[in-house]
Amino acid sequence: GSGLLTLSSDSDLTLSDNGVVAGTVGVNLDGSSRLTLSGLDSFNHALTGSGELNISGTGSTPTAFSFLSQTGSGFTGDVTLSNVGYDLTGNNASALTGATLITGNNSQVTVSNNTNLGNLTLDGGTLTFNQGTVSTNQLSLGGRTVVQVAPDLTLGSNLIDQSQGATRTLISAQTGPAQAAIDASLSLEDTSGNALSSRGTD
């Protein structure tokens with residue numbers, strides 16, 4: 001049937017089967033609640049609220065995950081990826097326009113066009129830029145994260161642009177860490193694994 005599944009009052013729920021919740025049922029997470037999607041390759045429910053959504057793969061290598069058309073863009077909480085592949089295009093991008101994306105352990109996030117995120121926390125895994133840039137309100141750094149850049153993307157300025165008028169960036173953030181923190185937390189590479197400078201050249 002239709003309706004709304006609401007998690008509140010510090011609730012925890014893990015879903016490992018897409019058939020448990022009917023496709024016409026929306027999901028709302030209040031700010032104290034957590035939903036884990038374990039081993040799923042997709043999610044197709046209207047998603048709202050400000051809680052925590054954890055998406056984790058269960059295989060030995062990251063498996064692709066996608067938000068489908070019913071997800072919408074009404075979620076404003078945290079979305080943490082662990083051991084999953086995530087392409088920041090289409091529904092996967094629109095679902096995060098008001099949310100905070102957290103790259104976790106063994107996550108593989110790919111940027112293929114210009115993308116707007118609510119906030120971005122780099123806390124592990126790999127963020128690969130094939131084309132385009134990421135624009136976000138706040139950039140935060142956690143665990144060591146690899147940022148890979150396709151060979152045809154030549155950096156003409158800093159990896160991170162904090163609204164300082166840089167001419168070529170990968171991540172444009174209204175607020176973010178100092179350059180020293182960026183250097184300490186991020187490994188910038190080409191897609192062959194060769195090291196690059198996070199400062200680039202003008």
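Two aromatic rings of Phe, Tyr or Trp count as a pair here if their centres lie within 6.5 Å, and planes over 60 degrees apart make the pair edge-to-face. By that rule, this structure has 3 aromatic pairs. One of them joins Phe65 and Phe67: the centres are 5.2 Å apart, the planes stand at 90°, and the pair is edge-to-face. I will come back to these rings in a moment. Please keep in mind throughout that this is a predicted model.

First, the chain as a whole. It has 202 residues, and 46% of them are buried. The secondary structure consists of 20 strands and 2 helices. The exposed area is about 8700 Å², with carbon and sulfur atoms supplying 44% of that. If we take the contacts between residues at least 6 apart in sequence, 35% join residues at least 24 apart.

On confidence, the average pLDDT over the chain is 88, and 89% of the residues score at least 70. Residues 162–167 are a stretch where the pLDDT is below 50; in the model this stretch still has 10 contacts beyond its near neighbours in sequence.

Now the strands. Six strands form an open sheet with parallel pairing, and the order is E8-E11-E13-E15-E17-E20. Which strands sit at the edges of this sheet? They are E8, residues 63–64, and E20, residues 186–190, and each of these pairs on one side only. At the E8 end, the pairing between E8 and E11 is parallel and has 2 bridges. There you can find Ala64 opposite Gly85 of E11.

Another set of pairings involves strand E10, residues 78–82. Strand E7, residues 52–56, runs parallel to E10 and is joined to it by 5 bridges. E10 also pairs with strand E12, residues 100–103, again in the parallel sense, over 4 bridges. One residue lets you follow both pairings by eye. Leu81 in E10 is the bridge partner of Ile55, and Leu81 also has Thr103 in E12 as a bridge partner.

Back to the rings. Are Phe65 and Phe67 buried or exposed? Phe65 has a relative accessible area of 1%, and Phe67 has 2%. The cut-off for buried is under 20%, so Phe65 is buried and Phe67 is buried as well. Phe67 has a further ring partner in Tyr86: the centres are 6.2 Å apart and the planes are at 80°, so this pair is also edge-to-face. Phe67 is in strand E9, residues 66–67, while Tyr86 is in strand E11, residues 84–87, so the pair ties together parts 19 residues apart in sequence. Tyr86 is buried too, at 2% relative accessibility. Taken together, ring pairs link Phe43, Phe65, Phe67 and Tyr86 into a cluster.

Next, charged side chains. How many salt bridges does a search of the whole structure find? The count is 2. In one, Arg34 meets Asp10, and the closest N and O atoms are 2.8 Å apart. Arg34 belongs to strand E4, residues 34–38, and Asp10 to the loop between strand E1, residues 3–7, and strand E2, residues 12–15, so this salt bridge ties together parts 24 residues apart in sequence. In the other, Arg34 meets Asp12, with an N to O distance of 2.7 Å. Asp12 lies in strand E2 and Arg34 in strand E4, so here the parts tied together are 22 residues apart in sequence. The result is a network of salt bridges linking Asp10, Asp12 and Arg34.

The members of that network fall into separate exposure classes. Arg34 has a relative accessible area of 19% and is buried; the cut-off is under 20%. Asp10 is partly exposed at 49%, and Asp12 is exposed at 55%. The cut-off for exposed is over 50%.

One last place to look is helix H2, residues 179–185, which contains Ala181. Ala181 is partly exposed, its relative accessible area being 29%. Along the chain Ala181 and Ser140 are 41 residues apart, and their C-alpha atoms are separated by 9.8 Å.

That is the tour; I will take questions now.

Conventions. Residues are numbered from 1 along each chain as its sequence is written. Side-chain values use heavy atoms; hydrogens and water are left out. Two strands pair if DSSP finds at least two bridges between them. Buried means under 20% relative accessible area, exposed over 50%, partly exposed in between (1.4 Å probe, protein chains only). Contact means heavy atoms within 4.5 Å. Accessible areas come from the Shrake-Rupley method with a 1.4 Å probe; for residues, only the protein chains shown count as cover. Rings of Phe, Tyr and Trp (its six-membered ring) pair if their centres lie within 6.5 Å; planes under 30 degrees apart count as stacked, over 60 as edge-to-face and the rest as tilted. pLDDT is the predictor's confidence in each residue, from 0 to 100. A salt bridge is a side-chain nitrogen of Lys or Arg within 4 Å of a carboxyl oxygen of Asp or Glu.
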